[in-house]
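Colleague: Please take a close look at a single part, the contact between chain B and chain A. I would like one connected account that a first-year student can follow.

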Amino acid sequence: MTRPVPTRTLLTGTALVAALALTSCAGPPAAGPSGSPTRIVLADAQPLGGYDPVDGYGELGVSPVFEGLLRPESTGDDRLPDLAPALAAAPPEPNGDSTVWDVELRTDVVFSDGSALDADDVVATYSAVLDPATASEIAASYSMIESVTATGDHSVRFTLHHPYYAFPARMSLGITPEEEITPGPAADSGRNRRPVGTGPYVLAELDAEQAVFEANPHYHGTAPQVTELVTLYLPDDNTRAQRMRAGGVDGTVLPPTAAATFAGADGVDVLSVRTADWRGLSLPAENAFASDGAARLAMNLAVDRDGIIEHVLAGHGRPAHTPVAEVYGEAHEPEAVFDHDPDEAARLLDGAGWREGPDGIRERDGDRAAFTLYYLASDSLRRDLATAFAAEMLPLGIEVDVRGGTWDDMGSHTADAAILLGGGDKPYDLDTQVYATLHTREEGTPTFENPGDLAVPGVDEALEDARRSPDAAERAELYREVQRAYVEHPTYVFLAFADHTYVSAENDWDSGPLVLEPHAHGVSWGPWWNLAGWRR
Amino acid sequence: MAAVTAGPTARGAARPRRTLWRDRRRALGGLALHRAVVGVPMLAGLSGLVFLLADRSPFDPLAAHLGARYQQVSAEQRESLSGALGFDAPWWQAWWAWVGDLLRGDLGWSRVYAMPVSEVFAERLPWTLLLSGTALAGAVLAALLLGTAAGLAPGGALDRAVTRTGVLVQAVPPFVLALGSVTVFAVLLRWAPVAGAAEPGEPHTAAGVARHLVLPAVTLALTQLPWALLAVRTAVARATGSEAVRAARARGLTPARVVAAHVLPVSLAPLATIVGARLPELVVGAVLVEEVFAWPGLAGAVVGSAQALDFPLLAALTVATTAVVLVGSLLADAAYLLLDPRVGTDA
């Protein structure tokens, strides 16, 4: 058994590997980007692919690849963006009662595959969303549409089931060419990885690591000065933070506490962007304590919203008393707030007959002031908010049993337990922001909208009137009325609007105003939401 | 090399090796057949188990699919979505459809990556093979070098240092090792890139990939090194004390010849077996390392598909990983048969 040869080969091989390892370690040091680079590299927590507008990609009109009939045009994240024509040639024209909407399309728009945009593409995209066979994730948001038809080569008519002045907020859906619409579920469609749109960029490359977007040569608008956008998928918060520190990445999205570690770091800006993304809890109707209006009001008075924002959101948030944030301007009622007043809360509970029992928990006629609060177990922010809320209720003699669960678990407890919810996924109109949340449940209302089916006197009527009213001032007054009525008889405990936090390498670009953000966040938002509009 | 082949021992060595192959060919065939008879039904059962467990798990595939949008969907819409997406079929039906497609050569569609499962494999498998292959080769080479050096002088300073370090490294979880090496070498020292297989936006060049490969491969190799190293060290220490080696020394052979011709051949066989037996650990280590380093490999897809309950991809990955482990242990046993004539095939 004499076999010296393999050993010697092994030894030589080892030396080679060691030498290779040593030389390859001496790479160029990562340099922080500066000036105004025409290529922007962003690290996202969202998986790559899934670029199908039929399944909701870029639904609010913010996407490098797609454009809707309308797009949000922002003057800052402190107010609602305007919805301006993108693929539409002019603002949409409603009929007298907002049940029929006519839209003229631009005639000079070409998709990135070279085909021209016409009314059939718009009809095909909306029809695909509405078709149950595509199992579109966003179909529920378009249920008011009865039909969508082409009334000419470049004109489209939407006919709705009921009067709906807020329909323009549903016109930012990305438009894909008719030829791209295939039968079967949208989740299984090739559109997810080969998007064809009319936007300023085209997807040039997509592999397991990154997506590369390049300027769209067919784009009908002003050519973007940032000519290349690279998106990396780094799911781990720590990895994204480390990659940002090591340089080579121009920006990323981080949770508030992780973003705070970049405060004061050289060459890095920490950005906190306003949202309509509320967190709060629904209250159970089948619980003796929570079904008592006085108890609901007491809890709203007892909770210290500022304290929760400071400790749980690291200061990156604003108190929420109703689902209507300050950014809604005229329609926001500044008086509709709950003062932080635990003493008044205790007096209210005493007055309603809820007296402290032997274990410190209040009781009335044998019912304990106690309920279960569910949160989505995989969401650590919701867990922390639920825990903080429970801790604030205990001194008042209210026992909140905090429990993590899946959507499934929570779905079977909507009537007998409180649920920590998040909202504001479609914030660009107050109707989509508040209607389902505050209106009593109707046929087709999502399970987690007003799950306890609690009614606030006068609110249903005001919400319905606002939906029908063509006059903006009148709608604003109706929504203020909704908020005033709500704070008298609260049905939830809204806690905070969570700001979204981003870190971005300093550069000399003029990136324009930020935009008010929905519940969704990631590197398609933040300072990069309108990358095509960045100017030197 | 030339000195050996020219010598008379080489002619002597060539014959037994041929005979060895002839003797063992039948035994190897039997071993492979035996493993296949056990392995194939096991893989089939395992794939069914994946579907059964997924069905029994508290996680709802529709909730995983919709994510945050689940909150905005009504009960009727959930039913309609489940039907259109095929989530409402009983697990055995879903499994049976999956097996049928598999037999026709169709691995199914991965929803989490929005492409056919076969394309996910084609895109990611080379990256995993590159990383695990490099790491395994590095670990084995380092184990041979250090283990031999330590085993030749048991109880010496080098032996004590190597053994203690080995035990220490073995005790550190792979993800701690991975995050630690990123912090030290990529963020603080900036010797290596933090993550990925190429600079963002750059094409994959050989030099670029090599530079990005170093840190994850070394980390993965480190997680695999201790057991290999300790095995080699023990085997070498035992061989050094054996009569054959003492006799070789007595014949006046140079120390290098003694190690190369008498110590290592005896020590390699246990290493081959242990490499085969430890393949599952390499797979697990690769999952963690790929996740931390954002390596675009298949192991990272295990995490993605499990989180999203992407059944076709999850089942294919589970079956493929198990197959790799089974084949690895078969190869290790086969190597053992060829390396050590004393071993029988009763397994």
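Modeller: A polar contact is a pair of N or O atoms within 3.5 Å; within protein, one atom must be able to donate a hydrogen and the other to accept it, and residues adjacent in sequence count only if both atoms are side-chain atoms. This model is predicted. Between chain B and chain A, six residue pairs are in polar contact, with both residues of each pair at pLDDT 80 or more.

Several helices of chain B give two or more residues to the side that touches chain A, including helix H2 (8-56), helix H6 (117-152), helix H9 (206-240) and helix H11 (255-277). Helix H4 (75-85) of chain B is also on that list, and H4(B) gives the most to this side, with eight residues. Sorted by class, the side of chain B that touches chain A has 40 nonpolar residues, 12 polar ones and 13 charged ones.

Charged residues lead to the salt bridges. The count between chain B and chain A is two. One salt bridge links Glu123(B) with Arg193(A), where the closest N and O atoms are 4.0 Å apart.

Next comes the extent of the contact. On the side of chain B, 65 residues are in contact with 64 residues of chain A. The size of an interface is often given as the accessible area lost when the parts come together. For chain B and chain A, the buried area is about 5700 Å², and carbon and sulfur atoms give 57% of it. Of the area that chain B buries against chain A, Gln71(B), Gln72(B) and Pro200(B) supply 13%, more than any other three residues.

For background on chain A itself, a sheet can be added to the picture. Seven strands of chain A form an open sheet with mixed pairing, in the order S8-S9-S10-S1-S11-S22-S12. Its edges are strand S8 (201-206) and strand S12 (268-273) of chain A, each of which pairs on one side only. Neighbouring strands in this sheet are turned against each other by 20 degrees on average, direction ignored. Within the sheet, strand S9 (residues 210-215) and strand S10 (residues 228-233) of chain A run antiparallel and are joined by five bridges. Here Phe213(A) stands opposite Leu229(A) of S10(A). Helix H3 (residues 237-246) of chain A lies across five strands, among them S10, S12 and strand S11 (251-253), and runs at about 160 degrees to S11(A).

Methods
Residues numbered from 1 in each chain as written. Chains lettered and ligands numbered in written order. Predicted model: local features only at pLDDT ≥ 70, side-chain atom pairs only at ≥ 80, totals over all residues. Heavy atoms only, no water. Contact = heavy atoms within 4.5 Å. Buried area = accessible area lost by both parts, 1.4 Å probe. Salt bridge = Lys/Arg side-chain N within 4 Å of Asp/Glu carboxyl O. Helix = DSSP H or I, 4+ residues; strand = E, 2+ residues; numbered from the N terminus. Nonpolar A, V, L, I, M, F, W, Y, C, P; charged D, E, K, R; others polar. Pairing = 2+ DSSP bridges. Axes fitted to C-alpha atoms, helices over the stretch in contact; angles between N-to-C directions.
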